[in-house]
Amino acid sequence: MLDTFVIPLLQIAVLVNALLVTVTFLVLMERKVMGWAQARLGPMRVGPYGILQAIVDPIKLILKEDITPANADRFVFTLAPIMSLVPALVVFSVIPFGPEQPYYIADINVGLLFIISVTSIGVYGIILGGWSSNSKYPLLASLRASAQLISYEIAVVMTLVSVVLTAGTLNMIGIVEAQREAGLWFAFVQPVACVLVFIGGLAETNRLPFDLPEAETELTGGFHTEYSGMRFSLFFLAEYANIIVISAIVALMFFGGWMRPFPNVEALAFLDLIPGWVWFCGKIFFFLYLFVWIRATFPRYRYDQLMAIGWKVLIPIAIGNLVLTGIAKVVL
Amino acid sequence: MMTDATEAPRRIGQAFDTDELVLNMGPQHPSTHGVLRVVLRLDGERVVDADCVIGYIHRGVEKLCENRDWTQIVLLTDRMDYVAAATSNLGYVEAVEKLMQVEVPRRARYIRTILAELQRIASHCLWLGTHAMDIGAMTVLLYSFREREHVLDLFEEYCGARLTYNSMRIGGLPLDIPTGWDKRVSAFCDVMETKLDEYEELLTNNRIWVGRTRDIGVISGEEATALGLCGPPLRGSGVSRDVRKDEPNAAYDEFEFDIPLGTRGDTYDRYLIRLEEFKQSIRIIRQAVEGLPEGPVMGKVPRLIKPPAGETYHAVESPKGEIGFFVVSDGRSTNPYRFRVRPPSFCNLQALSRLCKGHLVADVVALIGTIDIVLGEVDR
């Protein structure tokens with residue numbers, strides 16, 4: 001009873017809360033980092049250095065009027081934000097913050113497969129949200145989203161397969177342990193895959209330079225144009241939770257998850273004083289920072305260019321990388 | 001084939017039951033630079049036809065001017081192209097001076113040139129920032145506004161206003177420059193030159209930026225001339241036409257500067273041209289500040305401005321292109337009998353539907369950005 005119900009529920013409560021709080025502070029971090037990159041300060045009014053902005057923003061969103069457009073499909077319109085947030089949260093059930101309990105909720109042998117399949121459900125939220133708004137800009141955005149997310153998903157999954165080949169397991173803990181055995185982060189074993197997954201991750205989370213489904217200056221906000229209040233903030237939460245998911249996947253699969261750098265070098269053993277989950281969170285935040293940094297730097301791709309990159313560049317490279325990994329696996 | 005904005009969607013294709021998607025872009029849209037409304041007819045994301053609907057901030061400035069006396073009109077010219085008020089001032093006062101055949105002191109002409117070129121820098125900063133923002137590069141906006149702020153500070157120091165300057169008078173200038181102002185202008189020129197590299201670093205060789213602007217909205221020199229384009233959009237197509245060189249006004253004939261020309265007539269060329277114009281403006285300002293002559297800033301003008309009966313057309317090169325003022329005086333009253341502006345934004349906006357055709361929705365915002373319109377001037 002205790003092991004099967006109470007402890008997992010506690011873990012879930014802690015994780016979901018931690019995640020949602022992280023998201024609110026991630027938004028603050030994004031605004032701050034963007035501010036510094038753009039020769040300004042970012043939020044400074046609420047609390048010291050604007051720290052309380054992270055708390056005020058969600059309160060504002062909750063209190064706002066939640067409008068349903070007159071011609072919207074009411075049921076789907078409400079379903080869509082839920083559809084996009086729930087998968088983003090569910091994924092965290094198999095993401096390990098450390099090698100043993102209580103640092104993970106579920107340790108399933110096909111963890112990576114679970115992550116891939118659950119995250120792809122999130123696409124439906126965007127498609128349905130855009131379609132059910134019964135408005136033209138969201139419709140265009142949801143068309144873009146469906147094409148974009150599906151094509152980049154192919155590239156990302158193909159690349160992840162090559163990592164699975166290297167690690168020999170689909171289990172997330174197993175993949176990290178494989179990096180310990182190899183004595184090397186997979187970022188050095190599979191550098192191409194690492195870059196591909198990160199680029200694909202940018203596209204799958206609708207971040208610049210691939211933020212076409214919500215291109216504000218073209219589609220006035222894209223799929224969430226007609227959303228307001230809490231339903232809008234669910235989309236918002238989902239987007240940022242997805243960014244954390246991608247960062248976590250990259251950190252786990254290519255940067256040794258909770259392990260310190262150079263896990264086999266004894267001289268660096270003092271780094272183990274820092275707990276594993278701190279290392280892991282630090283790595284996640286590094287990639288979150290990278291996401292924001294990229295957003296501050298690049299212009300946006302156009303729809304046809306985006307598809308060309310997905311199908312003509314990323315997928316061929318992913319297949320090539322997979323084949324090479326396969327050959328290397330057989331030969332070595 | 002041009003279509004009316006109100007026409008119903010047409011059928012496209014035979015195999016399926018497919019209609020055009022009529023998308024109303026604006027007047028409330030983040031990237032139409034004000035209250036422009038573009039009715040797009042889309043085949044998927046491809047633009048079949050685009051129709052501009054204007055007039056949302058029509059204030060009747062021209063008619064208003066006919067009921068104000070000649071000196072009051074300077075104020076109204078501020079409110080047309082409100083991001084480049086100084087060049088509108090310049091065009092108008094020079095038109096009246098031409099009509100009255102007033103001699104303007106050399107010092108006043110020099111300061112006018114400095115003001116006009118500072119204004120060009122400020123206006124191009126706004127163009128660069130918003131154009132880049134439309135294409136998704138947010139940071140450039142903040143950087144270019146930082147420099148625009150410097151220019152506005154200089155204007156504020158000169159005439160007290162930051163946007164609508166009312167900075168010129170018929171026959172000269174209302175006041176001489178403050179002490180040390182010219183030093184601060186040249187100091188700004190030095191700063192601006194280093195900041196230009198910053199913009200270029202973010203955009204010029206950026207693959208995404210080049211991909212988004214290369215071969216977008218290509219227009220040939222002949223077609224651009226036929227459409228009546230002016231300013232950077234015309235020069236981007238390789239047509240050498242710049243009022244500052246062709247019909248020198250103010251003190252432009254005394255300075256050395258180049259007119260950058262494009263070769264391909266696409267959005268990227270127009271971008272490069274405007275960046276080069278920053279440098280040429282800095283060059284002009286430096287020469288003007290160094291050679292600033294002593295003397296009065298106001299010519300001999302009668303107390304009551306009442307130009308002799310007649311009409312004149314005078315054009316100057318505003319940051320957007322050729323802004324022309326046609327004024328008619330009946331010789332009796334103290335207000336113009338007829339007042340008409342040739343607004344560069346309006347003339348350039350004509351090309352939008354031609355440029356958009358065959359491109360994607362995302363390119364429409366890039367094209368609105370590249371022709372650099374101000375709706376206050378389009379509608380007047």
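In chain A of this predicted model, the buried residues of helix 1 pack against three other helices of chain A: helix 2 (53-63), helix 10 (229-254) and helix 11 (276-297). Those buried residues are A:V23, A:T24, A:L26, A:L28 and A:K32. Is the length of helix 1 what we'd expect, or not what we'd expect? At 1.5 Å a residue, its 36 residues (2-37) should span 52 Å, and the end C-alpha atoms sit 49 Å apart, so the two agree. Just after this helix, A:A39 takes a positive phi of about 60°.

Now for where the two chains meet. Here, 27 residues of chain B are in contact with 23 residues of chain A. On the chain B side, strand 1 (21-25), helix 4 (106-134), helix 5 (138-159), helix 7 (207-213) and helix 14 (361-371) each supply at least two residues. Helix 5 of chain B gives the most, with 5 residues. By class, the chain B side breaks down like this:

| Class | Residues on the side of chain B that touches chain A |
|---|---|
| Nonpolar | 16 residues |
| Polar | 6 residues |
| Charged | 5 residues |

Chain B also has an open sheet of 3 strands, in the order 4-5-6, with antiparallel pairing. Strand 4 (310-318) and strand 6 (338-342) stand at the edges with a single partner strand each, so one side of each has no neighbour in the sheet. On average, neighbouring strands are turned by 15° against each other, ignoring direction. Between strand 5 (321-329) and strand 6 of chain B there are 5 bridges, and B:G324 has B:R342 in strand 6 as its bridge partner. Helix 3 (85-100) of chain B lies across strands 4 and 5, running at about 150° to strand 4.

Definitions and conventions:
Residues numbered from 1 in each chain as written. Chains lettered and ligands numbered in written order. Predicted model: local features only at pLDDT ≥ 70, side-chain atom pairs only at ≥ 80, totals over all residues. Contact = placed C-beta atoms within 7 Å. Helix = DSSP H or I, 4+ residues; strand = E, 2+ residues; numbered from the N terminus. Nonpolar A, V, L, I, M, F, W, Y, C, P; charged D, E, K, R; others polar. Expected span 1.5 Å × (residues − 1). Buried ≥ 20, exposed ≤ 12 C-beta atoms within 10 Å, placed from the backbone. Pairing = 2+ DSSP bridges. Axes fitted to C-alpha atoms, helices over the stretch in contact; angles between N-to-C directions.
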